[in-house]
Amino acid sequence: MIYQDENGLLLLRSDKLGERDWRSDHTYKLIFGSKGGGTYQTRYRDLTIEKRQVAIFNPSQEHKQLHMSGEKFLIELNQKLLKNAAKELGISGPEMEFATVSYYHPQLYRWASFIREFIDWNCGKPTEINQLFVENSFTQLAILMVQYGLGQHQVTMPEVVQDEVLKRVIEAVKQSYEQDWTLSGMAEVARLNKYQFAHLFKERIGLSPYSWLQLYRLIRSQPALFHSNQTVLQIAMDHGFKNVSAYVHLFKKVYGATPSASRRTHRFD
């Protein structure tokens with residue numbers, strides 16, 4: 001099932017899930033783990049998308065689908081639509097670049113679930129109904145991506161939690177994210193043992209506590225990287241990384257380029 005217009009394309013397929021070719025084009029691609037999950041390969045890392053999670057590939061970013069189970073739910077949006085959405089939200093700069101990570105966000109998940117259910121509800125009705133609905137939904141998704149998509153335009157991690165226990169932990173971590181937080185320390189704030197806490201965190205947020213913390217530190221470092229002349233070493237140390245190598249490694253894993261290279265090509269000033 002395919003719906004397409006000048007702003008993008010929606011693909012929903014439960015058959016022919018195999019796909020082994022490298023792909024890249026000039027659109028942003030969102031892949032939702034709607035009924036299962038999948039694994040994708042990029043030139044610099046493999047990415048696993050679990051149920052309820054979303055991953056975004058940037059224009060011209062080469063990727064290959066290694067595995068997909070249950071259903072493939074993919075949306076492509078053209079660059080102009082994202083640029084217009086960013087402009088309306090007061091974000092200027094070069095083309096938006098999203099992090100190559102899979103994660104859960106309630107707003108993105110609700111959008112995908114609603115679109116998915118709408119198509120099911122209207123199965124058998126004239127395709128023009130679904131076509132019109134999907135076309136108008138592309139703009140909504142572009143706005144949600146700019147607001148909640150993890151990328152180089154963000155200055156902090158978009159809010160994801162509704163659970164009061166996790167809110168308490170995340171707020172505590174945010175206030176002192178530069179400190180040496182441990183799993184035991186986070187679990188103590190949650191008033192859970194560390195195994196219960198780690199399971200709850202991964203289930204609700206889609207990332208392990210440590211992965212979330214490192215990603216939060218990286219996102220918080222971006223304003224300094226793109227809007228100051230601080231050294232990469234100073235930025236890394238100021239934002240909680242134990243050494244510059246750990247910062248560079250994570251940045252390259254997430255964006256496919258070193259902080260220095262990204263600073264040269266994506267400086268917002």
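**A four-stranded sheet, its buried glutamine, and the spaces around the core**

Let me begin with the sheet, which is open, is built from four strands in the order 3-8-5-6, and has antiparallel pairing. Its edges are formed by strand 3, residues 22-23, and by strand 6, residues 46-49, each of which pairs on one side only. I should say at once that this is a predicted model, and I would ask you to keep that in mind throughout.

Going through the pairs in turn, strand 3 runs antiparallel to strand 8, which covers residues 63-69, and two bridges join them; within that pairing, Arg 23 stands opposite His 63 of strand 8. Strand 8 is also joined to strand 5 by six bridges, again in the antiparallel sense, and here Tyr 40 is the residue that stands opposite Gln 65. Strand 5, residues 37-42, in turn pairs with strand 6 over four bridges, antiparallel once more, and Gln 41 has Asp 46 in strand 6 as its bridge partner.

Now I would like to stay with one residue of strand 8, namely Gln 65. Is Gln 65 buried or exposed? Its relative accessible area is 2%, and because the cut-off for a buried residue is under 20%, Gln 65 counts as buried. What, then, does the side chain of Gln 65 meet in the way of polar contacts? One such contact, of 3.1 Å, joins it to the side chain of Tyr 40, the residue that stands opposite Gln 65 across the strand pair, and another, of 3.0 Å, reaches the side chain of Lys 72. If we leave aside neighbours within four places in sequence, the residues in contact with Gln 65 are Leu 17, Gly 18, Glu 19, Arg 20, Thr 39, Tyr 40 and Lys 72.

From there we can turn to the nonpolar cores. In soluble globular proteins, nonpolar side chains tend to be buried together. In this model the largest nonpolar core has 68 residues, and those with the most contacts inside it are Leu 10, Ile 75, Leu 77, Leu 82, Met 145 and Trp 212. Helix 7, residues 209-227, gives the most to this core, contributing nine residues. A second core, separate from the largest one, has eleven residues and includes Leu 11, Tyr 40, Phe 57 and Leu 74, so Tyr 40 takes part in this second core as well as in the polar contact with Gln 65. As for Ile 75, with neighbours within four places in sequence set aside, its contacts include Leu 9, Leu 10, Tyr 28, Phe 32, Trp 111 and Phe 138.

Finally, the empty space. The count comes to one cavity of 30 Å³ or more, and the largest cavity holds about 60 Å³ of space. Among the residues lining that cavity are Tyr 103, Tyr 104, His 105, Tyr 148, Met 157, Leu 207 and Trp 212, and Trp 212 is also one of the residues with the most contacts inside the largest core.

The largest pocket, for its part, has a volume of about 440 Å³. It is lined by 21 residues, and those nearest its centre are Arg 45, Leu 207, Ser 211, Leu 250 and Lys 253. Which elements give two or more residues to this lining? They are strand 6, helix 7 and helix 9, the last of these being residues 244-255, and helix 9 gives the most, with five residues. Leu 207 therefore appears in the lining of the pocket and, as we saw, in that of the cavity.

Methods:
Residues are numbered from 1 along each chain as its sequence is written. This is a predicted model: local features need pLDDT of at least 70, side-chain atom pairs count only at pLDDT 80 or more; totals for chains, interfaces and linings use all residues. Side-chain values use heavy atoms; hydrogens and water are left out. Two strands pair if DSSP finds at least two bridges between them. Buried means under 20% relative accessible area, exposed over 50%, partly exposed in between (1.4 Å probe, protein chains only). A polar contact is a pair of N or O atoms within 3.5 Å; within protein, one must be able to donate a hydrogen and the other to accept it, and residues adjacent in sequence count only if both atoms are side-chain atoms. Contact means heavy atoms within 4.5 Å. A nonpolar core is a set of buried Ala, Val, Leu, Ile, Met, Phe, Trp, Tyr and Cys residues joined through side-chain atoms within 4.5 Å. On a 1 Å grid over the protein atoms alone, a cavity is a set of points where a 1.4 Å probe fits but cannot get out, and a pocket is an open set with protein on both sides within 12 Å along at least five of seven lines; lining residues have an atom within 4 Å of a point. Grid points are joined across faces, edges and corners, and a volume is the space filled by probe spheres set on the points.
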